[in-house]
Amino acid sequence: MPRKQYAHDSFVVQVGLRIRQLRTDNGLSCNALSIRARMRQNHLRDIELGRCACTTKKLRRIASALRVEPLDLLNHDIEQSDIGHIGELMRIRPEYVQRIRQHVA
């Protein structure tokens with residue numbers, strides 16, 4: 001089954017680029033990170049390339065393997081994008097996240 005194509009500026013692609021950036025900044029190969037995150041290397045590569053969206057469970061695993069907070073994976077460009085700005089607000093005001101969760105759940 002063909003995978004969905006995401007636009008180059010979509011959130012899925014931006015998260016993948018951020019994961020790749022953090023992985024390479026830490027000097028990790030894709031294989032090493034996939035082992036740390038307990039996931040298939042091909043799946044991690046697809047996430048990094050923006051070929052598939054990452055579940056929150058896998059996002060937490062990847063963040064843990066990179067030794068960052070999950071929100072750091074979402075915070076790709078706080079200066080130039082609305083999504084980055086929202087991510088930064090969530091990081092500095094976590095009480096808002098808790099309030100939203102109460103209303104959604």
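**Loop arginines, a helical core and unpaired cysteines**

Arg67 turns out to be exposed, with a relative accessible area of 67%; here exposed means over 50%, buried under 20%, and partly exposed anything in between (1.4 Å probe, protein chains only). Everything here comes from a predicted model, in which local features need pLDDT of at least 70 and side-chain atom pairs count only at pLDDT 80 or more, while totals for chains, interfaces and linings use all residues. Residues are numbered from 1 along each chain as its sequence is written, and side-chain values use heavy atoms, with hydrogens and water left out.

Back to Arg67, which sits in the loop between H4 and H5. Its phi is positive, near 60°, although the residue is something other than glycine. Arg38 tells a similar story: this non-glycine residue has a positive phi of about 55°. Arg38 belongs to the loop between H2 and H3 and is exposed as well, at 58% relative accessible area. For context, most residues other than glycine have a negative phi.

As for the overall layout, the protein chain has seven helices and zero strands, where helices (H or I, at least four residues) and strands (E, at least two) are DSSP runs numbered from the N terminus. Along the sequence that reads α-α-α-α-α-α-α. The protein chain has 105 residues, and 34% of them count as buried. Its exposed surface comes to about 7,200 Å², with carbon and sulfur atoms supplying 51%; areas come from the Shrake-Rupley method with a 1.4 Å probe, and for residues only the protein chains shown count as cover. Contacts (heavy atoms within 4.5 Å) reach well along the sequence: among those with a separation of 6 or more, residues 24 or more positions apart account for 50%.

Confidence is uneven. The mean pLDDT of the protein chain is 82, and 76% of the residues score at least 70; pLDDT is the predictor's confidence in each residue, from 0 to 100. Of the elements, H2 has the highest mean, 96, and helix H6 (residues 82-92) the lowest, 65. Where pLDDT is low, the predicted coordinates should not be read in detail.

Next comes the largest nonpolar core, which holds 19 residues; Ile19, Leu33, Leu44, Ile62, Leu66 and Leu73 touch the most other members. A nonpolar core is a set of buried Ala, Val, Leu, Ile, Met, Phe, Trp, Tyr and Cys residues joined through side-chain atoms within 4.5 Å. At least two residues come from each of helix H1 (11-25), helix H2 (30-36), helix H3 (41-48), helix H4 (56-66) and helix H5 (70-74). H4 gives the most, with five residues. In soluble globular proteins, nonpolar side chains tend to be buried together.

Ile19, part of helix H1, is buried at 0% relative accessible area. Not counting residues up to four places away in sequence, Ile19 touches Leu33, Leu44, Ile47, Glu48, Ile62, Leu66 and Leu73. Ile19 and Ala63 are 44 residues apart in sequence, yet their C-alpha atoms are 8.4 Å apart in space. Leu66, with the same four-place neighbours set aside, touches Ile19, Leu22, Arg23, Asn26, Leu28, Leu33 and Leu73.

Arg23 is another resident of helix H1, and this arginine is buried, at 9% relative accessibility. Its side chain makes a polar contact of 2.6 Å with the side chain of Glu48. A polar contact is a pair of N or O atoms within 3.5 Å; within protein, one must be able to donate a hydrogen and the other to accept it, and residues adjacent in sequence count only if both atoms are side-chain atoms. A polar atom of the Arg23 side chain also lies 2.9 Å from the backbone oxygen of Leu28. Beyond four places in sequence, Arg23 touches Leu28, Ser29, Cys30, Leu33, Glu48 and Leu66.

Finally, the cysteines. The whole structure contains zero disulfides, a disulfide being a pair of cysteine sulfur atoms within 2.5 Å. For Cys52, the closest cysteine sulfur is in Cys54, and at 7.5 Å it is too far for a bond. Cys52 is buried at 9% relative accessibility, whereas Cys54 is partly exposed at 24%. His43, in helix H3, is buried at 15% relative accessible area; leaving aside neighbours within four places in sequence, His43 is in contact with Cys52 and Lys58.
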